[in-house]
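Here are some short exercises to work through with a structure at your side. Try each task before you read its solution.

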Amino acid sequence: MIKTITLKWLQSQGACKESLEAWQKETDHNTFATLNRLVVKNPEWGNWLICRIMNKKQAVQYAIFAAEQVIDIYEGKYPNDKRPRNAIEAAKAYLKNPSKKTKAYAADAGYAAGYAAASAASASSAYAAAYAAAASSAAYTAAYAAGYDAAAAATYAADAAGYAAAYAAGAYAAGAERRKMKAKILKYGIRLLEQS
């Protein structure tokens, strides 16, 4: 069940001034209808909000979904580096069996994917490195969501996936591809919330 979103709750979550103002302008606080409107108007804030409404399982699912949308970008550039893929699989293992063991496995795999992202970011071809690093970062945060702060990690996973799609599209299509990817991930997040 989705929690009721109130101005007080948003303030307790650290919502920015613009977000609080946007919420106050809404006349209909039917959560799903308002959430859909706000996500369309401001995907960045919508991503932040969705991730704070989700429970841990939903946040991990959201982060995994985001990472899976762009993992092929990383694997296309670094086909022999399985660290990001392993991070996604570790997050999935945590979902199947949320135990201390799978949480630790997800944390370890997440750190490895983080190192993969750092390695890709320092590669010689800056643009290709940027999108590979962003894709690996999405995988890292999926595993991090399982092991630690699910809301923050899920928020970042969607952002990283958006940037990976943008970088991979190139300079001319970057903005459109980022918005398209972000919209796809946000729609998935809303579906997760509606199913609860």
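## Exercises with worked solutions

**Exercise 1. Partly exposed or buried: classify Lys 92 and then its salt-bridge partner Glu 68.**

*Solution.* Start with Lys 92: its relative accessibility is 28%, so this residue counts as partly exposed. Glu 68 comes next, and at 30% it is partly exposed as well. The two form a salt bridge, with their closest N and O atoms 2.5 Å apart. Now find them on the chain: Lys 92 sits in helix α6 and Glu 68 in helix α5 (residues 56-77), so that the bridge links distant parts of the chain, 24 residues apart.

**Exercise 2. Decide how far you can trust the model, and find the helices with the lowest and highest confidence.**

*Solution.* Remember that this is a predicted model. Begin with the overall score: the protein averages a pLDDT of 75, and 72% of the residues score at least 70. Then go helix by helix. Confidence is lowest in helix α8 (residues 126-147), where the mean is 65. The highest value belongs to helix α6 (residues 83-96), at 84. Keep a general caution in mind: where pLDDT is low, predicted coordinates should not be read in detail.

**Exercise 3. Describe the overall build of the protein: which elements does it have, and how much of it is buried?**

*Solution.* First count the elements: there are 10 helices and zero strands. Reading from the N terminus, the order is therefore α-α-α-α-α-α-α-α-α-α. Next, look at burial: of the 196 residues, 49% are buried. For the outside, the protein exposes about 9600 Å², and carbon and sulfur atoms supply 54% of that area. Finally, check the contacts between residues at least 6 apart in sequence: 69% of them join residues at least 24 apart.

**Exercise 4. Use the 4 Å cut-off to test whether Glu 89 and Lys 92 form a salt bridge, and find the network they belong to.**

*Solution.* The general idea is that side chains of opposite charge can pair when their charged atoms come close. For Glu 89 and Lys 92, the closest N and O atoms are 3.8 Å apart. The cut-off is within 4 Å, so the pair qualifies as a salt bridge. Both residues lie in helix α6, three residues apart, which is about one turn of the helix. Glu 89 has 34% relative accessibility and counts as partly exposed. Put the pieces together: Glu 68, Glu 89 and Lys 92 are linked in a network of salt bridges. The structure's count comes to four salt bridges.

**Exercise 5. Work out whether Asp 81 and its partner Arg 83 are buried or partly exposed.**

*Solution.* Asp 81 and Arg 83 form a salt bridge, their closest N and O atoms being 2.7 Å apart. Asp 81 has 14% relative accessibility, so it counts as buried. Arg 83, with a relative accessible area of 30%, is partly exposed.

**Exercise 6. Find the aromatic pair and explain why it is called stacked.**

*Solution.* The structure holds one aromatic pair. The rings of Phe 65 and Tyr 188 have centres 4.0 Å apart and planes at 10 degrees, so the pair is stacked. Phe 65 lies in helix α5 and Tyr 188 in helix α10 (residues 174-195), so the pair ties together parts that are 123 residues apart in sequence. Last, check burial: Phe 65 is buried at 16% relative accessibility, and Tyr 188 is buried at 18%.

Technical notes:
Residues numbered from 1 in each chain as written. Predicted model: local features only at pLDDT ≥ 70, side-chain atom pairs only at ≥ 80, totals over all residues. Heavy atoms only, no water. pLDDT = per-residue confidence, 0-100. Helix = DSSP H or I, 4+ residues; strand = E, 2+ residues; numbered from the N terminus. Salt bridge = Lys/Arg side-chain N within 4 Å of Asp/Glu carboxyl O. Buried < 20%, exposed > 50% of the residue type's maximum accessible area, 1.4 Å probe, protein only. Contact = heavy atoms within 4.5 Å. Areas by Shrake-Rupley, 256 points an atom, 1.4 Å probe, with all protein chains shown as cover. Phe/Tyr/Trp six-rings, centres within 6.5 Å; stacked < 30°, edge-to-face > 60°.
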